[in-house]
Structure formats: structure tokens, C-alpha cells
Amino acid sequence: MDFGAVQKVAVLPFSNLTRDEKAADRVRDVYTNMLMATGALYILLRGGCSRISRAQLTDRTAPSEEEIKRLGGILGVDSVMTGVVKEYGEVRSGSVSSNLVSMSLQMFEVKTGKVVWSASRQRRDQHDRPDVRGGGKPMNIVTEEAVVDLIDKLYK
């Protein structure tokens, strides 16, 4: 697929495999805002994505090829992005804790309904010394760093 032809993208709600019920919304919000900040794409915002219900998706976080095609027509986009947040929050190893985010994203071409790009990223704040408690990077910074890595992968 010629990514230069992609101008308008819908970012669907992300699937959440974590204990934090807001993790997927938080990560999607960071991803959408940072992708929009590149200026390379027009991102259909949440209000525009409210028309998703008209596509009658069986699973908004993992639509089928036919649902992607139908959704593209309803939303008037070139591609649809989905994601999965696998881990989000604090992890502990002995007396050391750190913040961790792990996610996978996919981009679908609406003409074919096929995946044209996929990437995963895991990011955690790193402590130099095992006796350091707290003081690590906040979750929003760890999330932003992971998202920047994924956006870099999209444009490489």
C-alpha cells in the first residue's frame, strides 16, 4: 500500500487486556493526539467515530475485512486503525517497581479490508539502581515514549 495515499484515518477504540479499565482509552487518546500532531494525516476524532454504530460491527476492537470495508464507506476514510493494550501500569520485581505499557497496533486499508501495517511496542521506565523506589517516569510519559516509537515505525 502507498502510505502517501492515506490522508484520512479512523482510530477505533482499542481493546483492553489490562486490569486498568481506562488503559485502552488513555493509550488511544495519546496515540490519536500524537499522530494528529505529525500533521501527516487527518484523524477522524471521537465525534466522527460515533458513526461506527451504523456499520454494525460485531466487535469494534477487531472488525472483520467486510466490516472494515463497510466502515470505510460510512466514515469516508482511507484506513482504519485498531489496537490492543496488553499491559499498562506499575510492575514490581522484588523491591523495585516501574511503569510499563505494552501495545499492538494495526492499520487496515478500507478498499480491501486487509492489514497493511502492524507493530508492537513495550516500554517501561528504567531505574539505574535497584534501591530506587518511586521517582520513575509517570505512566503518561512512558505511554508517550511507546507511542512515539510506534509512529516512527509507521513512517519508516
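Start by selecting serine 104: with a relative accessibility of 7%, this residue counts as buried. You're looking at a predicted model, by the way. Serine 104 sits in strand 5, which covers residues 96-109.

Keep serine 104 selected and bring up the side chain of lysine 86. The two side chains make a polar contact at 2.7 Å. What else does serine 104 touch, leaving aside residues up to four places away in sequence? Show Thr82, Gly83, Val84, Ala119 and Ser120, which join Lys86 on that contact list.

Next stop: the aromatics. How many aromatic pairs does a search of the whole structure find? Just 1. Select phenylalanine 14 and tyrosine 31 to see it: the ring centres are 6.3 Å apart and the planes meet at 50 degrees, so this pair counts as tilted. Now colour by secondary structure. Phenylalanine 14 is in the loop between strand 1 (8-11) and strand 2 (15-16), while tyrosine 31 belongs to helix 1 (residues 23-37), so the pair ties together parts that lie 17 residues apart in sequence.

Are these two rings' residues buried or exposed? Phenylalanine 14 is buried, at 7% relative accessible area, and tyrosine 31 is buried too, at 0% relative accessibility.

Last, switch the colouring to pLDDT. The protein averages 85, and 85% of its residues reach 70 or more. Where is confidence lowest, and where is it highest? Go to helix 2 (residues 46-49) for the lowest, with a mean of 63, then to strand 2 for the highest, at 95.

Methods:
Residues are numbered from 1 along each chain as its sequence is written. This is a predicted model: local features need pLDDT of at least 70, side-chain atom pairs count only at pLDDT 80 or more; totals for chains, interfaces and linings use all residues. Side-chain values use heavy atoms; hydrogens and water are left out. Rings of Phe, Tyr and Trp (its six-membered ring) pair if their centres lie within 6.5 Å; planes under 30 degrees apart count as stacked, over 60 as edge-to-face and the rest as tilted. Helices (H or I, at least four residues) and strands (E, at least two) are DSSP runs, numbered from the N terminus. Buried means under 20% relative accessible area, exposed over 50%, partly exposed in between (1.4 Å probe, protein chains only). pLDDT is the predictor's confidence in each residue, from 0 to 100. A polar contact is a pair of N or O atoms within 3.5 Å; within protein, one must be able to donate a hydrogen and the other to accept it, and residues adjacent in sequence count only if both atoms are side-chain atoms. Contact means heavy atoms within 4.5 Å.
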